[in-house]
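Me: Got a structure here that I'd like to go through with you, mostly salt bridges and core packing. Mind taking a few questions?

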Amino acid sequence: QMQAIELYEAMHDQRWRLANLYMIQDKRGRRVNFVPNDAQMRYLQGATQSDIILKARQLGMTALMCILGLDEVLFNNDWRVGIIAHTLGDANEIFETKVKFPYESLQDGIKAARPAKNDRAGLLRFTNGSSIRVATSARSGTLQRLHVSEFGKICAIAPYKAREIVTGAFPAVGHNKKTIESTAEGQEGYFYQFCDEAQR
């Protein structure tokens with residue numbers, strides 16, 4: 001059992017919060033504590049303002065970005081996080097299981113300090129002026145963090161949507177935190193180009 005002073009100090013440490021505050025559903029649908037795995041920890045240790053995550057298998061990077069975004073909106077005032085999924089079905093699934101579920105599973109004291117309104121599909125808005133939204137696009141206003149899930153698929157299946165993300169969502173982030181995560185999908189389009197530039 002942590003003493004009040006230790007807990008107060010721990011709550012100011014994002015790494016501690018990420019490994020201790022949040023619950024997720026595992027592949028069998030059971031509630032489990034979210035503890036960053038090795039790949040997620042390596043990402044956190046080397047993260048920059050703008051990262052490309054080329055995934056070979058399921059490493060839980062979208063789950064990490066959702067928990068990271070949720071943590072930021074809870075512990076920063078006037079902080080906006082956008083998560084883009086490649087289909088509406090995926091956006092709904094990501095929001096329900098990777099954003100709303102971890103928020104609703106928080107200890108009552110944290111939820112009482114940061115009550116959320118769910119006034120639009122895929123959006124949680126908090127009393128500290130912060131919000132997190134999962135959708136298929138993110139054009140309006142300034143974002144402090146943007147995560148694009150399966151950008152390679154978006155580029156391959158809907159090049160017009162990929163162009164909208166590059167011309168609309170990326171400028172909304174400016175020099176703030178931006179992550180693009182995807183499996184490889186052929187040798188053309190923005191995702192291939194970005195990966196090629198990053199490797200060079």
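Reply: Sure. Contact here means heavy atoms within 4.5 Å. Keep in mind that this is a predicted model.

Me: With that cut-off, what does Ile132 touch, not counting residues up to four places away in sequence?

Reply: The cut-off is heavy atoms within 4.5 Å. Leaving out residues up to four places away in sequence, the contacts of Ile132 are Cys66, Gly69, Leu70, Val73, Val81, Ile83, Val99, Gly122, Leu123, Leu124 and Phe126.

Me: Which residues of the largest nonpolar core touch the most other members?

Reply: Nonpolar side chains tend to be buried together in soluble globular proteins. The largest nonpolar core here has 32 residues. Those touching the most other members are Tyr22, Leu70, Ile83, Val99, Phe126 and Ile132.

Me: And which element gives the most to this core?

Reply: Elements that give two or more residues include helix H3 (38-46), strand S4 (80-84) and helix H5 (88-104). Strands S6 (123-126) and S7 (131-135) are also among them. The top contributor, with nine residues, is H4.

Me: How many of the residues in H4 are buried?

Reply: Buried means under 20% relative accessible area. H4 has 15 residues and spans 21 Å from its first C-alpha to its last, close to the 21 Å expected. The helix is mostly covered, and the buried count is 14 of its 15 residues.

Me: Switching to charges: how many salt bridges are there?

Reply: The rule wants a side-chain nitrogen of Lys or Arg within 4 Å of a carboxyl oxygen of Asp or Glu. Arg30 and Asp26 pass at 2.7 Å, N to O, and Glu150 and Lys153 pass with their closest N and O atoms 4.0 Å apart. By this rule the count is seven.

Me: Take Glu150 and Lys153: which one is buried, and which is partly exposed?

Reply: The buried cut-off is under 20% relative accessible area. Lys153 has 25%, so Lys153 counts as partly exposed. At 9%, the buried one is Glu150.

Me: How far apart in sequence are the parts tied together by Arg145 and Glu72?

Reply: Their side chains meet in a salt bridge at 2.8 Å, N to O. Arg145 lies in strand S8 (residues 145-149) and Glu72 in helix H4 (residues 61-75), so the parts tied together are apart in sequence by 73 residues.

Me: Which residue is linked with Glu72 and Arg145 in a network of salt bridges?

Reply: Both Arg145 and Glu72 are buried. The salt-bridge network links these two with a further residue, Lys177.

Methods: Residues are numbered from 1 along each chain as its sequence is written. This is a predicted model: local features need pLDDT of at least 70, side-chain atom pairs count only at pLDDT 80 or more; totals for chains, interfaces and linings use all residues. Side-chain values use heavy atoms; hydrogens and water are left out. Helices (H or I, at least four residues) and strands (E, at least two) are DSSP runs, numbered from the N terminus. Buried means under 20% relative accessible area, exposed over 50%, partly exposed in between (1.4 Å probe, protein chains only). The expected span of a helix is 1.5 Å times one less than its number of residues. A nonpolar core is a set of buried Ala, Val, Leu, Ile, Met, Phe, Trp, Tyr and Cys residues joined through side-chain atoms within 4.5 Å.
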